[in-house]
Amino acid sequence: MRILALVCNENTYQPLVYEELLKARGTDFVGLVLVPFTTKTMPRQRMLRFLWELYGARGFVLKTAQVLRNKLLNLVSGVVPLRRCYSLRRLARRYGVPLFESADLGSDECLELVRGLQPDVIL
């Protein structure tokens, strides 16, 4: 089975989820396509306001701390090998899965990429 994952490039829980998937079915993955966490319709400032309202003040601070911790651990893992991956890029490298990036899932380039990879399943 040919699996393609279209993944929001965020580092809080995505690496954990995809590490389990890649452990179980890594040879079936034809690629990971990273898309930005923010978009033209949801710029960073609006996204931060949305997350503040979603998590509340305490949850927002905790989530921000988690993001910063994972970013720091990802930097550390570039120097010192860690058992766990803290970014989707490092995870793709570890499991030998092709990594692609797209600013817009609806773009002709992204659609051509998906067609060219001929996935059976898109996550």
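1. Leu21 is partly exposed in this predicted model. Its relative accessible area is 33%. That value falls between the 20% and 50% cut-offs, so neither buried nor exposed applies. Leu21 sits in helix H1, which covers residues 14–25.

2. Leu21 also belongs to a nonpolar surface patch. Its partners there are Tyr13, Leu16, Val17 and Leu123. The patch measures about 420 Å².

3. Leu75 is a separate case. This leucine is exposed, because its relative accessible area of 60% is over the 50% cut-off. Leu75 is part of helix H2, residues 44–77.

4. Take Leu75 together with Ser87. In sequence, 12 residues separate the two. In space, the C-alpha to C-alpha distance is 9.6 Å.

5. Now the largest pocket. Its volume is about 840 Å³. The lining counts 29 residues, and those closest to the centre are Asn9, Glu10, Phe37, Val67 and Lys71.

6. Which elements give two or more residues to the lining of the largest pocket? They are H2 and helix H3, the latter spanning 88–95. H2 gives the most, with 14 residues.

7. On chemistry, the lining of the largest pocket is mixed: 13 nonpolar residues, 9 polar and 7 charged. For anyone setting up a calculation on this pocket, the residues closest to its centre include Glu10 and Lys71, both of which count as charged. Phe37 and Val67 are also among the closest, and these two count as nonpolar.

Technical notes:
Residues numbered from 1 in each chain as written. Predicted model: local features only at pLDDT ≥ 70, side-chain atom pairs only at ≥ 80, totals over all residues. Heavy atoms only, no water. Helix = DSSP H or I, 4+ residues; strand = E, 2+ residues; numbered from the N terminus. Buried < 20%, exposed > 50% of the residue type's maximum accessible area, 1.4 Å probe, protein only. Patch = residues over 30% accessible without salt bridge, like charges linked within 9 Å, V, L, I, M, F, W, Y side chains within 5 Å. Areas by Shrake-Rupley, 256 points an atom, 1.4 Å probe, with all protein chains shown as cover. Salt bridge = Lys/Arg side-chain N within 4 Å of Asp/Glu carboxyl O. 1 Å grid on protein atoms, 1.4 Å probe; cavity = no way out; pocket = protein on both sides within 12 Å on 5 of 7 lines; lining within 4 Å. Points joined across faces, edges and corners; volume = space filled by probe spheres on them.
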